[in-house]
Each structure stands twice: as structure tokens, then as C-alpha cells.
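Hi,

Here's the structure I said I'd pass on. Have a look at it first, and my notes on what turned up are underneath.

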Amino acid sequence: MKTLNKLTCLLFVGMAFLLTYSAQAQTSALAKYETQIDGIIAKMTLEEKVNMLHGVRIFSSGGVPRLGIADFEFADGPFGIREELIGNSWAPMGLGNDLATFFPTGSALAATWSSDVAYKYGLAIATEGRLRGKDMLLGPAINIQRIPTGGRTYEYLSEDPFLSSRLSVGYTKGAQDQGMAVCLKHFALNNQENNRGQVDVIISPRAMREIYLPPFEAAVKEADAWGVMAAYNKVGGYWCSENYLLQEKILRQEWGFKGLIVSDWGGVHSTVPALTNGLNIEMPGGAFLGNRLLDSVRTGAVKEEIVNQRVREILRVRLHVKPIPANEATQVITSQPRQQQIAYDIASKAIVLLKNDKAQLPLDITKYKKIAVIGENANQKNATGGVGAGVKTLYEITPLQGLKDRLGTQVEIVYSPGYVEFSRPQGRPVQGAPRPTPYTPADPKLVEAAQKAAKDADIVLFFAGTNREIETEGSDRESIQLPSGQDELIKALAEVNPNIVTVIVSGGPVDLSVVNQYSPAILMSWFNGSEGGHALADVLLGKAAPAGRLPFTIPVKLSDSPAYALGNYPQTGEVKADIFVNLVNGKETEKAPAAGNRNIAYYSEETLVGYRWFTTKNIQPAFPFGHGLTYTTFDYANIKTDKVKYGADEIIKVSVDVTNSGKVEANEVVQLYVHRLKGKIFFPEKELKAFANVTLKPGETRAVTLEIPVKNLRYWDEKKYDWALEHGSIELQAGASVGDIRLTAKAEI
Ligand code: BGC
């Protein structure tokens, strides 16, 4: 009887395994082509197979013309479709039709805290990609914002894995519903730009699983992402593009990824390890997965079955994403009104009101005769700049233009630049020359002119922040200090007119300690896309209530943030020329390691990234994660859970009554954090586990229900190499930011 029980048990487990396995396989739209692919591979020569495994033009990999398999067309990504380039070069084609919509960049999208908005974003950008005949969008960019100075913080979504996951899922579904594949980038742990081409990330399995991988895992498992880009860096001693653990074990075997892995541009370092450990396509060119691969197969160093497997994974995507014939692509201008409207909607939901003392906003223009707009950021475009992908956009409304369009002749607007934007010298850096820095003193002449403009104005709109030259791919910021003497400038402005509203134009956190003293109101308006200026004017004038919430912590000072506090960043030693810049300059062989300690990034802050660090260590930030005000106030009452005790497969349902207690309709983002009450396992003080957007009319109350599947409360058990649940009591904390918890409830798990 015992034996029978054991057998039945085994059979049951086996069936359950098969069911889960097949359920996973069936969920991918890519799974249905296997028989067709068998037929195609059987007809292909080795040369044709290898031709599919590398770039044939700068943004295209090879097809099989003889069998009617089209080349595969990639497009940067992630915040607008990049312009067309000539053949194998980086030179623009100079077409008149490849003008795309510039969408708000990653951190702006994340500030909407909305998976639905991310869906629309993906849908809109993919619509433009398809108009241009592209198959795979090189986006979304979903690395965690580990350091406030990260060069690509503006492209990435959030410091929090849960928020990043909800957005990466929305974006992926939106783009792929439009028939275009996404490419989740950069897999994985590309959290710094300095020496991204050399650095080896040393991280614990727990931090990797709980903080850095979830946005990728969610987009693969929940949204069936069809593409992934291998990052430039190493993880645990192995380049990402030849990293068995990341590409084969985790992505393919554990998560059931069916699609293709493309290298970052110039990020391949070997032939046999890259191919056997999971890489499908080397981009651009075929230095490693071209002739060298042919030789490796011919000499027996690589088995042809592995080549077949890599071709199969590409063909799944190739057969699913319908190719667009060259004569049907780029027939109309890429940027179309529907996408422009979506760009506006996203931009207007992204703006974060950090502070509004004395209810200075919205501006009551009926009382104003003259508005002073100070700061070159009011007049700066951010679709392009710095290294890497930019958008040749059809148009971009600057803040100044937005105000003029919305205000017409109602009020006089005087503009004074106040400072000169930082820009990098053109051409290759001169050996030994000092690095250009944006942290220069104010220019007395410009300050004087700005004071003059501000003096008799009814209100001063001060535009501070960074730009795309300062926040750029390939290098991190030296500091979060405001550039170009902006701190000095605001002090000088306050001497002549203290009625200041500061608008921060940036993609990442900046040091607001000086600005905070002199501005009763502060807004964060991001690199907010083609319609950013209109969205900002509408928020300033009260036509739209601010709806955005911070997707990251703004620290008081850089040394408060975890990697800096622990001395894990910046690493000491030489900063090498960037891997991508070398590629563009034809020096891609310069992949040698940097001197000193530069090659290793220790993530010893473990899971204490972003607000997890600040709340656990009790460090006050300037503005906490999740923070954002609006033109009304919200009251929270009656927190309730549906049960007291929950099993491992159950869902905790928490309901909170939220009331709009002010006079304007607005959106609230109700956030639910989990705090562990007792236990043996270490957890951060607070972790975001659910949130909900709700738009309420003045006086309206709504019961908002937030759900946390108990399985989302598991931690990565390094000994078991699996997720594990620690049973015990938890506190559920509902609030308007991680620093503004309004109600708590207890539950047992
Ligand atoms: C970036 C990628 C980008 C690629 C192609 C690389 O330098 O890291 O994000 O997609 O270039 O432009």
C-alpha cells in the first residue's frame, strides 16, 4: 500500500510537472512553429545558418533569401524609433520620412505608476516601428536604478523591482500586441555606465533574484517577451553574452523564454562560449559569430546541433513577427497624431509635484501681467544628445514653447537663459585633456540679465536640471549637483523676486538642497517627450492636476545612497573609453580590462537598494520614493484585510477607503508596503508589493482594493536555490509614499 501511495504520488508530481511545463510552453506565442522550423532547418546550409547569427547591416541580422526568410530588422528604442542609418555605418540616411515621436523617457513613464499607461506607450512606439518596417524594438530598458548618478537612469524605470515589473509587463504587451517584438535590455546588472564594457558585477544570488531580475522575469513570464539583449558587463566572472547562468539556466530553463538573445552592440567576446551559452545574434557585424563560427563548426569545436538550436530560436521570432517589405516601410512620416496624443497623455501623467507651499500652483494667471521664464532648460530639446540612441523627432515642444502656445497674448512672458547648457566638445577626446565638466560657476552676466527679467515679474518660473549631454549612455554623472551654476542663479533670483516656482528637467535625481530653500513650489518634469512642453503648461495652469509619483528616492546628498555609502561606487582606478564609443570610432578591439579596482562592482548593499536602504537605515531623503502631491488632498480610512491568516497560494486582499478631500478632481496612487514584524530572515524595512491608481472627484470616496499574492512575499533561499516563504506576521502599510504611511493592518502568512 505504501509503495502504491508512493507511486501514485510520483505519478501525480510527474503529471503536475508536465502540466506546468506544457502550460508554460503553450503560453508563448512562439511555440507553435516547431514543425515548420524543422522543415526550414533541414533545407539550410551551414553558411545560411551562420548568416542568421550575426549582423549584416548596422541594425539588421541575416535572413535566408533562398528560402524566403527575410532579414531581421532592429530599431532603437527605448523612447522613440531611431532614424535610418546607411548600410553598415553610423551615418544617417538623411531621409525626410523617418521623423518619429519622442516619447517621455523611462523614468518619466515610471512616474505614471501605471501599467496601463506603459501598455499604451509600448503600443504607440511599436506602431511607429512597424511603419518603419522594423521587427524588434530595442527596448524597454529595465535595469534597476542602483546609483542616483547612473548615466542611463533617465532611460530606466525605477529603483524598485515591483514598479519596474508592472511597467515592463505593460510596455511589452503593448508593443507585442502591435506585432513588434520587444528586446528587454540590458540582461543583466548593467547598473552603471562607467566602464560598463569591463565591469564584473559581484552580487549575491538573493539580491540578484529579488531586486535586479524581476522586471525581466515578469516581462518574460507574464508578457511573453520575444527578445532579450545581453548586457556589456560581466556577472560573476562571465560576460553576459556568454553567461550560462543568466542566458540558459535562468532565462531559458527556469523562465521558459522561447525567443532570441541579441548581444549589445559590440558586446561579444568569444565564439564557442557565446554560442553554446545561449547567444543567438551578434550585433553589429560578425566578428565572432561569422567566419570564426563556421570554422569552429567545421573543425568540430562547436556541434551543428547547437547552431541549429540558435537558428530555431531566431526562426520562432522571425516566423511570428511578419516582415514588412522594404517598399512598404517608411512610406509616411513615422510620427502620427495618434502617437503624439499618447505622448501627451503620458507626459501629463508623469509630472511630479514635489512641493507646493502656500499653494502657489496652479498659477492664477488672471492675477498676472508678466511671467519670467528663467533657465536655458526652458528652451532646451532633449530628444537627442550625448552618446547612444536618440530620436530624430518630428517636433518637440519645449517648456517655453508650451507656455507660449497655451498662454497666447494673455500674459507677457519674458525669457532669460540664466546659464549656458553644458555640451560635450565634438570629436574624439584628446589624450590627457581635462574631462569637460558641467559643474561650473554661474556666469555673472547671465545672472544679471536673469535678475533683471525676474525683478518686476509676477512670478518666476525657474528651469533647472540636467540635459542629455550630462545624463548619457557610456558614462555616469560625477555628482547629482545641479550644473552650470544653477544653485547660485536661484539665490540671485530670490534676492530680486522670491516668488519662484522651480521646474526640474532631468531624468534622474538631482541635489535640491539649495533650490528647496528658495522655491515654494517644485515640479519634476523629466525628459518628457515631443509633447512635454504642452503637458507642463497644462499642469502649471491647472488644466491637468499633477499625477506623477517619484519612481526613485531623491537623496539629500549622494553619500546617503547605498552604493556610495558603502564605497561600492565609484570604483577606484582608471575610467576606460566606453565600449560603444570605441565601436563607433572603429576601435572595438580595445576591450582590454581597466587598471585598478575599476573592473569589479561589489553589490554589498545586497537587497538594500533605493528606499529599501533609506528606510532600513533610517536616513531621511530629500523626497521619498513614491512621493508626489497634487492640487487636492486625499484622506485614507478603514483599512481592512479579507482574512487574518493566509496560505502560501492565497492572495491577500487589502481594502482602503480613499476620499478626495479637496476641490479638484485628481489621481491618487495608493501604495502598499510590507513590513515584516518578526522572523529570522533579514528583510528590508519596507517593500512595495502593490499599488493602485484612482481618479476621484472632489468629495468622492472609493474603496480601493490592493492584492498581494502570498507567493510575492517569498525570498530567494540561497541554500535551497529556490524561492521560500517565511511564515509569520507582517504589517501592511498603506500610504501616499514610502515616507507617508497613513494606515496599517496586520496579517499572518
Ligand atoms: C546600447 C543599447 C543600444 C545599442 C544600439 C548600445 O550602446 O547599450 O541600448 O540598443 O547600443 O544602439
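**Cavities first**

Searching the whole structure, which is a predicted model, turns up 6 cavities of 30 Å³ or more. The largest cavity comes out at about 130 Å³. Its lining takes in 16 residues, and those nearest the centre are Asp76, Arg152, Lys185, Asp264 and Glu473. Sorted by class, the lining of the largest cavity splits into 8 nonpolar, 2 polar and 6 charged residues.

Where does the largest cavity lie relative to domain 1 and domain 2? Both domains give residues to its lining, so the largest cavity lies between them.

**Domains and overall shape**

The domain assignment has three entries to keep in mind while you scroll: domain 1 covers 4–15 + 31–83 + 100–325, domain 2 covers 339–424 + 437–552, and domain 3 covers 634–748. In the contact between the first two, 44 residues come from domain 1 and 44 residues from domain 2. The C-alpha centres of domain 1 and domain 2 are 36 Å apart.

As for secondary structure, the chain holds 21 helices and 27 strands. Its C-alpha trace spans about 80 × 65 × 50 Å along the principal axes. The radius of gyration is 26 Å, which agrees with the value near 27 Å that a compact globule of 749 residues would have. Buried residues account for 62% of the 749 residues. If you take contacts between residues at least 6 apart in sequence, 79% of them join residues at least 24 apart.

**A pocket to look at**

The second largest pocket may be of interest to you. It holds about 1,500 Å³ of space. The pocket is lined by 49 residues, and Phe162, Ser165, Arg166, Glu222 and Asn712 are the closest to its centre. Which strand gives the most to the lining of this pocket? That is β22 (residues 687–696), with 8 residues. By class, the lining of the second largest pocket divides into 21 nonpolar, 11 polar and 17 charged residues.

**Backbone oddities**

Some general background before the local details: most residues other than glycine have a negative phi, and most peptide bonds are trans. Here are some exceptions from the model.

- Glycine 139 and proline 140 are joined by a cis peptide bond, with omega at about 0°. Proline 140 sits in the loop between β4 (136–138) and α6 (161–177).
- The bond from phenylalanine 187 to alanine 188 is cis too, with omega near 0°. Alanine 188 belongs to the loop between β6 (184–187) and β7 (200–202).
- Asparagine 195 has a phi near 55°, which is positive even though the residue isn't a glycine. You'll find asparagine 195 in the loop between β6 and β7.
- Asparagine 638 also isn't a glycine and has a positive phi, about 55°. Asparagine 638 is part of strand β19 (residues 634–641).

Are those two asparagines buried or exposed? Asparagine 195 has 4% relative accessibility, and because buried means under 20%, asparagine 195 counts as buried. Asparagine 638 has 47% relative accessibility, so it counts as partly exposed.

That's what I have for now.

Cheers

Conventions
Residues numbered from 1 in each chain as written. Predicted model: local features only at pLDDT ≥ 70, side-chain atom pairs only at ≥ 80, totals over all residues. Heavy atoms only, no water. 1 Å grid on protein atoms, 1.4 Å probe; cavity = no way out; pocket = protein on both sides within 12 Å on 5 of 7 lines; lining within 4 Å. Points joined across faces, edges and corners; volume = space filled by probe spheres on them. Nonpolar A, V, L, I, M, F, W, Y, C, P; charged D, E, K, R; others polar. Domains from an automatic or database assignment. Helix = DSSP H or I, 4+ residues; strand = E, 2+ residues; numbered from the N terminus. Rg over C-alpha atoms; globule rule 2.2 N^0.38 Å. Buried < 20%, exposed > 50% of the residue type's maximum accessible area, 1.4 Å probe, protein only. Contact = heavy atoms within 4.5 Å.
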